[in-house]
Amino acid sequence: MEKRPKTSPLLFTGSDWSFSDLSRVYDAIRQIAVDELRLDFYPNQIEVISSEQMLDAYSSIGMPLMYQHWSFGKHFVHESNLYRRGRMGLAYELVINSNPCITYLMEENTMALQALVIAHASFGHNHFFKNNYLFQQWTDAGAILAYMEFAKSYIARCEERYGPAAVEAVLDAAHSLMPQAVFRYRRRPRLSVEKEQARIRERLEHEERTFSDLWRTLPATAEASAPKEPESDPAERQQAIEYPEENLLYFLEKYSPVLKPWQREILRIVRVIAQYFYPQRQTKVMNEGCATFVHYTIMNSLYDKGRVSEGTMLEVLQNHSNVVFQPGFDDPRYGGLNPYTLGFNMMRDIQRICTEPTAEDRDWFPDFAGNGDWCGTLLDAWASHRDESFIRQFLSPALIRDMRLFSLREEASDPYYEVTAIHDERGYERVRSRLADSYDVGMTQPDIQAIDANLKGDRKLRLRHTVHNGGTLAEQSRDATLRYVQRLWGHEVSLLGVDAQTDTTLYEVSSKDLADKA
């Protein structure tokens, strides 16, 4: 590492940090983020927490406000044991997609690491949250914290009124369906805590008006005359149903014949949370790549300006190298492509193509090769793409060669793998296409939809699983989830597995058959 003359005083010395150090470093990082990278971000709120608090945040899916559920405690105990035995490390930071954007720093971090984390989370992730089209379409950063506070207090009130066991049973079933609790193509309504609370008050007032101990003294035949919510009438609901419906929690919330208003509200809370995290499932490579590229660029700029020492930069580069470490495919530690590595390498490659393109780059990327504006090119990519489209449009032959990527074909019936494409002229397109497909949520998540529910007759709910590329469901988890659906629906539920190519039936299972086996 070359020594360069000091141009300004160091922002900090030593490894210990103080709040004045954090403030000074934040201001210096912010100036580079705005002036050199042209980042646009939410106001930042930075909080320093302990390792115990970080573990607690892990267990409650990273939200600062969350309702209580036994699964969070289970995750906390499991991860706490691994951490204390040295078998798991903790993230250096945790960042919340909210306005203001909340970043949690570990108090055990050194000052150099705190600087890296601020650049990574408070500016890299923050910019991506605010500007990427998926987050703009599906989340409302300004309302999520207020909604989570409402959700936490509402579920606590339900536990007081109906008992923890009853609430837990609904949450267990709802959590099992979270992957199938999102709208993929329909624009979600804006969160409004005031509207949510007004709607809850109306439901509770309706319950109190229609509840009377007198109904308990009447014959069973007279119960049918008890007041009901208009939406609970089977005939009216049957007319309102639109098939097919991909969001199973939404379908159960709206049309289940047995759920009470408070149970429907809990389903709504769980699916709102699932929808909030939906963009993150589609942008892992881009989000982490953006944050890693931002921290790498900012910290190098601080070093070039003489604001951090050689020792600090060595520590930063060591931590950066740990983040982007990618084991080889034949390494026992290999667990797939590291999203930090793939995202960071692609963004550095885009920077190279914009400033120092080769003839190959100009053939593959005529729109931006050699334009000189790598910052503008990256800002546009961060705003306009998800992982699948980003890889399909920006992964270059040069990077495919550097990372030695290749494509495999696997059939469950074969005792071997077949290499179908390597990093050569004939393989670039296929490798890029196959890698992009692997990040397409539509290709990797089970496609299960409600296709029929006869509310006027036997009230049987029929689900259809469209199987792509032979990707059937694991029998044990499939049957367990079907039982949860039956608990929320209150009547028989069947699941039909159909091959997407041939439309042939691969399997059919019913909750009634599962009950008979049990």
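**Group meeting: pocket, helices and rings**

By class, the lining of the largest pocket has 14 nonpolar, twelve polar and six charged residues. One caution before I go on: this is a predicted model.

Let me stay with that pocket. It holds about 1300 Å³ of space. The lining counts 32 residues, and the closest to the centre are Phe406, Ser407, Leu408, Arg434 and Ser438. Which elements each supply at least two residues of the lining? They are helix H15 (339–355), strand S4 (407–410), helix H20 (428–438) and helix H21 (441–444). H20 gives the most, with five residues.

Just ahead of S4 there is a backbone point to look at. Arginine 404 sits in the loop between helix H19 (397–403) and S4. Its phi is positive, about 55°, although it is not a glycine. Its relative accessible area is 64%, over the 50% cut-off, so arginine 404 is exposed.

Arginine 38 has a positive phi too, about 55°, and is likewise not a glycine. Find arginine 38 in the loop between helix H1 (19–35) and strand S1 (44–49). With a relative accessible area of 42%, arginine 38 is partly exposed.

One more backbone item. The peptide bond from asparagine 99 to proline 100 is cis, with omega near 5°. Proline 100 is in the loop between strand S2 (93–96) and strand S3 (101–106).

Now two helices. H4 covers residues 111–131, which is 21 residues. From first C-alpha to last, H4 reaches 29 Å, close to the 30 Å expected at 1.5 Å a residue. Is H4 largely enclosed or largely open? Of its 21 residues, 20 are buried, so H4 is largely enclosed by the rest of the structure.

Next, H22, residues 475–489. Its 15 residues should span 21 Å at 1.5 Å a residue, and the end C-alpha atoms are 21 Å apart, which agrees. The buried residues of H22 are Arg478, Asp479, Leu482, Val485, Leu488 and Trp489. Just after H22, glycine 490 takes a positive phi of about 90°.

Two of those buried residues lead us to rings. Arginine 478 lies over the face of tyrosine 507, at 5.0 Å from the ring centre. Trp489 belongs to a cluster linked by ring pairs, together with Tyr243, Phe251 and Tyr255.

How many aromatic pairs are there? The count comes to 22. Take phenylalanine 183 and tyrosine 250. Their ring centres are 5.2 Å apart and their planes are at 70°; over 60 counts as edge-to-face, so that is what this pair is. Phenylalanine 183 lies in the loop between helix H7 (164–176) and helix H8 (193–210), and tyrosine 250 is in helix H11 (residues 248–255), so the pair ties together parts 67 residues apart in sequence. Phenylalanine 183 counts as buried, at 7% relative accessibility.

Then phenylalanine 390 and phenylalanine 394. The centres are 5.3 Å apart and the planes are at 35°, so this pair is tilted. Both rings belong to helix H18 (residues 387–394). Being four residues apart there, the two are separated by about one helical turn. Phenylalanine 390 counts as buried at 0% relative accessibility, and phenylalanine 394 does at 9%.

Last stop, strand S7 (residues 461–467), where arginine 462 is found. Arginine 462 is partly exposed, with a relative accessible area of 28%. Its partner to look at is serine 510: 48 residues away in sequence, and 9.1 Å away in space, C-alpha to C-alpha.

Terms used:
Residues are numbered from 1 along each chain as its sequence is written. This is a predicted model: local features need pLDDT of at least 70, side-chain atom pairs count only at pLDDT 80 or more; totals for chains, interfaces and linings use all residues. Side-chain values use heavy atoms; hydrogens and water are left out. The expected span of a helix is 1.5 Å times one less than its number of residues. Buried means under 20% relative accessible area, exposed over 50%, partly exposed in between (1.4 Å probe, protein chains only). Rings of Phe, Tyr and Trp (its six-membered ring) pair if their centres lie within 6.5 Å; planes under 30 degrees apart count as stacked, over 60 as edge-to-face and the rest as tilted. A charge sits over a ring if NZ of Lys or CZ of Arg is within 6 Å of the ring centre and within 35 degrees of the ring normal. On a 1 Å grid over the protein atoms alone, a cavity is a set of points where a 1.4 Å probe fits but cannot get out, and a pocket is an open set with protein on both sides within 12 Å along at least five of seven lines; lining residues have an atom within 4 Å of a point. Grid points are joined across faces, edges and corners, and a volume is the space filled by probe spheres set on the points. Ala, Val, Leu, Ile, Met, Phe, Trp, Tyr, Cys and Pro count as nonpolar, Asp, Glu, Lys and Arg as charged, and the others, Gly among them, as polar.
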